[in-house]
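Visitor: I am new to this structure and would be grateful for a close look at one part of it. Could you please describe how one of the helices meets its neighbours, and then lead me outward from there?

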Amino acid sequence: MFLALGTVNTISLTNFDDASVLKNAAVRVKELHRRLSVFRDDSDISAVNMAAGKKFVKVHPDTLLLLKEAKRFANLTEGAFDPTIRPLVKTWNVGNHKQDVPSSIEIKSALSLINDKDLLIDEKKSQIKLRQQHMAIDLGAIAKGYAADEVRRFLLENGVKNAVINLGGTVSVIGGPKIVGIQNPKEKTGIAMGHLQLENKTAVTSGSYEKFFQKGGIRYHHILDPKTGYPANSGLSSVTLIGENALTLDALSTAVFVMGAEEGCRIAKRLHLQAIFVTNNHQVLITEGLTDIFHLSQSEQPEAMI
Ligand code: AMP
Ligand code: MG
């Protein structure tokens, strides 16, 4: 177990003795944290944010690739996922000390800075620029996905045949089947509302229970709608997507949480992903491909929780 990417991470290998592989997998995650975190002044992302409206900044290939993918997903989701959301995230500051609803003027001013088209990528020179001053990138919705893919690739290259990678709720299974618990949005952390059997697959959840504050009887959570400037209000408490590529699932679980179940189902179908939606009134909806591997039960002992 180790801390990185603002979360608790575990990588468990079955029948594998080389401890250096496990150690180096964790090193890789920490290295990505150093490059991608908005909370470190020396990260690539902070360097780009500090130079917003001024100049291009050279970044590591990891950062370049992730920003290219981020733009692709912003496009695919028509802006429901937007990597330039940082000014709005900062204004709301959910999960930090300020537990207050921002004024509509603050929200408007943050919204005026959000536009993935103003994230400029010069691929040849491996450099990035944000077009306007005060714009800022936040990769909180996809960094864990990319890191999980990287760990998975590294473990497979090193001969691992059986593993569970859990980067703060982004779970990737090598071999299996393994049982993964899906968090009940209405219960304490660790209480599942159902279980998934995963074999050589990845699952990612986005939920409004993860980070929030209450004010005047209303719950304000951390997944923001770039169109309204407010926490997404699409009728969902959580969405879990199941597929192969963790980066795709991570970007889309955040976006689908913003878009809602109907649009989410359409995207899932188009991209051959499976989905579990938990609605605000606690209905559980699943896509067809999950009938044999998802069970609504609380009694099973999961190997990972998301
Ligand atoms: P996740 O838990 O993967 O759904 O990501 C949520 C995190 O991504 C938040 O804590 C914010 O840092 C950031 N975020 C919130 N809303 C969005 C959005 N609509 N698009 C991109 N990133 C977002
Ligand atoms: Mg995400």
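**Helix α6 and its surroundings**

Guide: Helix α6 passes α7 in a right-handed crossing. The model in which this is seen is a predicted one. In the sequence, α6 covers residues 143-157 and α7 covers residues 246-259. Their axes come within 7 Å and cross at roughly 165 degrees. Angles over 145 degrees count as roughly antiparallel, and α6 and α7 are therefore roughly antiparallel to each other.

The residues of this contact can be named from both sides. On α6 they are A143, K144, G145, Y146, A148 and D149, and on α7 they are A246, L247 and D250. Sorted by class, the contact of α6 with α7 holds 5 nonpolar, 1 polar and 3 charged residues.

A second helix, α1, also packs against α6. The axes of α1 and α6 come within 10 Å, with a crossing angle of roughly 150 degrees. That angle makes α1 roughly antiparallel to α6. The crossing of α1 past α6 is right-handed. From α1, the residues V21, N24, A25, R28, V29, L32 and L36 take part, and they meet A143, Y146, A147, E150, V151, F154 and L155 of α6. This contact divides into 11 nonpolar, 1 polar and 2 charged residues. On α6, A143 and Y146 thus belong to the contact with α1, and A143 and Y146 also belong to the contact with α7.

From α1 one may continue to another helix. Helix α1, residues 19-36, packs with helix α3, residues 61-76, at an angle of about 70 degrees, and their axes are 10 Å apart. Angles from 65 to 115 degrees count as roughly perpendicular, which makes α1 roughly perpendicular to α3. Here R28, E31, L32, R35 and L36 of α1 meet D62, T63 and L66 of α3. By class the contact has 3 nonpolar, 1 polar and 4 charged residues. R28, L32 and L36 of α1 take part in this contact, and R28, L32 and L36 are likewise among the residues of α1 that meet α6.

The bound molecule may be considered next. Around ligand 1 there are 17 residues, of which A80, D138, S206, L224 and T254 come nearest. One of these, T254, carries a number that falls within the range of α7, residues 246-259. A polar side-chain atom of S206 lies 2.7 Å from an oxygen atom of ligand 1. For D138, an N or O atom of the side chain is 2.9 Å from an oxygen atom of the ligand. A141 contributes through its backbone, where a polar atom is 3.3 Å from an oxygen atom of ligand 1.

Two details of the backbone complete the view. Most residues other than glycine have a negative phi, and most peptide bonds are trans. N93 is not a glycine, yet its phi is positive, at about 55 degrees. N93 is placed in the loop between α4 (86-92) and α5 (104-111). The peptide bond from G176 to P177 is cis, and its omega is near 5 degrees. P177 lies in the loop that runs between β7 (170-174) and β8 (178-183).

Notes. Residues numbered from 1 in each chain as written. Chains lettered and ligands numbered in written order. Predicted model: local features only at pLDDT ≥ 70, side-chain atom pairs only at ≥ 80, totals over all residues. Heavy atoms only, no water. Axes fitted to C-alpha atoms, helices over the stretch in contact; angles between N-to-C directions. Helix = DSSP H or I, 4+ residues; strand = E, 2+ residues; numbered from the N terminus. Parallel < 35°, antiparallel > 145°, perpendicular 65-115°, else oblique. Left-handed = near helix turned anticlockwise from the far one by under 90°. Contact = heavy atoms within 4.5 Å. Nonpolar A, V, L, I, M, F, W, Y, C, P; charged D, E, K, R; others polar. Near = heavy atom within 4 Å. Polar contact = N/O pair within 3.5 Å; in protein donor to acceptor, adjacent residues only side chain to side chain.
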